[in-house]
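Dear colleague,

I am passing on a structure that I have been going through, and I would be glad if you could look at it alongside my notes.

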Amino acid sequence: MRASRLLTLLLLLQNRGRMTAQQLAAELEVSVRTVYRDVDALAAAGIPLYGAAGHAGGYRLVDGYRTRLTGLTGEEAQAAFLAALPGAAAQLGLGEALATAQLKLHAALPAEPRAHAGRIRERFLLDAPGWYGDADRAPHPHLGEVAGAVWERRALLLRYRRWRAPEEIERRVEPYGLVLKAGRWYLVAGGAAGPRTYRVDQILSLRRLDEEFTAPDGFDLPAHWRAHLADFRARLHTGEALVRVTAEGARRLGVIPSGEGGWTQARVPIESVEHAHGEFLRLGAEIEVLSPPELRDRIAATVRTLAARYQD
C-alpha cells in the first residue's frame with residue numbers, strides 16, 4: 001500500500017509541478033505528517049525532489065526529471081476503460097485505481113499531448129445520469145458482487161423483484177456483462193430462456209455458485225444491448241388514446257395545438273393502459289381522455305378517489 005502511495009505522490013509532482021504538503025495530503029487522503037515521511041523516503045531512494053518554505057513553497061521535482069514507472073496494473077487497466085465515467089468506476093470499487101491509472105497515463109504522454117489532455121479534463125465533463133433519477137444514492141449493495149461474478153465468470157442464484165406476477169422470482173443466471181444506462185445498472189445474464197436483462201437495484205438477494213460458465217460463442221455485449229433497446233422501443237407504444245387537451249396540455253404532451261386557443265383533440269400513442277394512466281394523471285386538468293373506455297374509466301375512478309380523500 002505504501003509503495004503505491006509513494007508512486008502516486010511521485011506522479012502527482014511530475015504531472016502538476018509544485019504542490020504543498022497540505023495539497024498532497026488531500027490528494028492521497030493521508031496526514032501531512034505521512035506526506036513528510038513519504039517525501040523523505042523518496043529523497044532517500046534518490047528521487048531528485050526538493051522543498052521550499054514560505055508562501056510560494058512546496059515540493060517539486062528537479063526540472064527535466066521524469067519517472068518511467070508508468071506501467072498499469074490489471075485493476076488500473078480495467079479502470080482506465082471507465083475514465084469517462086468516474087462515478088461508475090467508484091461504484092464498482094475502482095475509483096482509486098482509476099485515479100492512479102489516469103496519473104500514469106498522463107505521466108507517460110509527451111509534453112504537448114499531456115497539456116492537451118489537461119485542457120480537455122478542465123473544460124469538458126460527462127455527467128450521464130438524469131436530473132431526477134436515483135443516481136446520487138449509494139450504489140446498490142449487490143453491485144460489487146455482481147461485478148465480481150461478471151469478471152470471474154461465476155454463476156449466480158438471484159432472488160429478483162419484477163413488475164409482473166409473480167413479483168418475486170428465483171433464478172440461476174450466468175452473468176455476461178453489466179450496462180450503465182441513465183444512472184442505473186443492468187445485468188445481462190444467460191439462463192434457460194437465453195439472455196435476459198435484470199435491473200441490479202431490483203435484486204433482493206444473491207448467492208454466488210461454485211460454477212464457472214463460458215459465454216456463448218459470438219456473444220457481443222454492445223450488440224446485444226443495441227438489440228435489446230430496439231426491441232424495447234418497438235414494444236414501447238402498442239396502443240393509442242384519443243384525448244382532448246388544453247394549450248398547456250398540448251405543449252406538455254408534444255401535440256400540435258389547434259390554434260384556436262381552446263381545446264385540441266388528438267390521438268397519441270400509449271404503451272399500455274397502466275402506463276398511460278400514470279402519465280396522463282400528471283397533466284391534471286389539462287387533459288381529458290375520450291378513449292379507450294377502460295383508460296377513461298380508470299382515470300375517472302382515480303379522480304373520484306382523490307376527490308373523496310381531499311374533501312373536508
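The notes below take the two sheets and their helices, then a loop residue, and then a helix from the start of the chain.

This is a predicted model, in which local features need pLDDT of at least 70 and side-chain atom pairs count only at pLDDT 80 or more, while totals for chains, interfaces and linings use all residues. Residues are numbered from 1 along each chain as its sequence is written, and side-chain values use heavy atoms, with hydrogens and water left out.

Helices (H or I, at least four residues) and strands (E, at least two) are DSSP runs, numbered from the N terminus, and two strands are taken to pair if DSSP finds at least two bridges between them. One open sheet has five strands in the order β6-β5-β4-β3-β7, with antiparallel pairing. Its edges are β6 and β7 (203-212), each of which has a single partner strand, so that one side of each is left without a neighbour in the sheet. From one strand to the next the twist averages 45°; axes here are lines fitted to C-alpha atoms, for helices over the stretch in contact, and angles run from 0 to 180 degrees between N-to-C directions.

Within this sheet, β5 (residues 184-190) and β6 (residues 196-199) run antiparallel and are joined by four bridges. Y186 has R199 of β6 as its bridge partner, and L187 stands opposite Y198 in β6. The hairpin of these two strands has five residues between them, and there G194 takes a positive phi near 90°.

Two helices meet this sheet, contact meaning heavy atoms within 4.5 Å. Helix α8 (residues 143-152) lies across β3 (154-161), β4 (168-181), β5 and β7, and runs at about 80° to β4. Helix α9 (residues 221-236) also packs on the sheet, where it touches β4, β5 and β6, and its direction makes about 105° with that of β4. In α8 the buried residues (under 20% relative accessible area, with exposed meaning over 50% and partly exposed in between, for a 1.4 Å probe and protein chains only) are L143, V146, A147, G148, A149 and V150. After α8 comes R153, which has a positive phi near 55°.

A second open sheet has three strands in the order β9-β8-β10, again with antiparallel pairing. Here β9 (264-270) and β10 (287-291) are the edge strands, each pairing on one side only, and neighbouring strands are turned by 35° against each other on average, direction ignored. Four bridges connect β8 with β10, and L242 stands opposite S291 in β10. Helix α11 (residues 273-281) lies across all of β8, β9 and β10, at about 135° to β9.

The loop between β8 (239-245) and α10 (247-253) holds T246, which counts as buried at 16% relative accessibility. Leaving aside residues up to four places away in sequence, T246 touches G262, W263, A285 and E286. The side chains of T246 and E286 are joined by a polar contact of 2.3 Å, that is, a pair of N or O atoms within 3.5 Å; within protein, one must be able to donate a hydrogen and the other to accept it, and residues adjacent in sequence count only if both atoms are side-chain atoms.

Lastly, helix α2 (residues 21-28) has A21, L24, A25 and L28 buried. Seen down the axis of α2, these buried residues fall within an arc of 100°, so they line one face of the helix, the arc being that of the directions from the helix axis to the C-beta atoms. Q22 and A26, on the other side of α2, are exposed.

With best wishes
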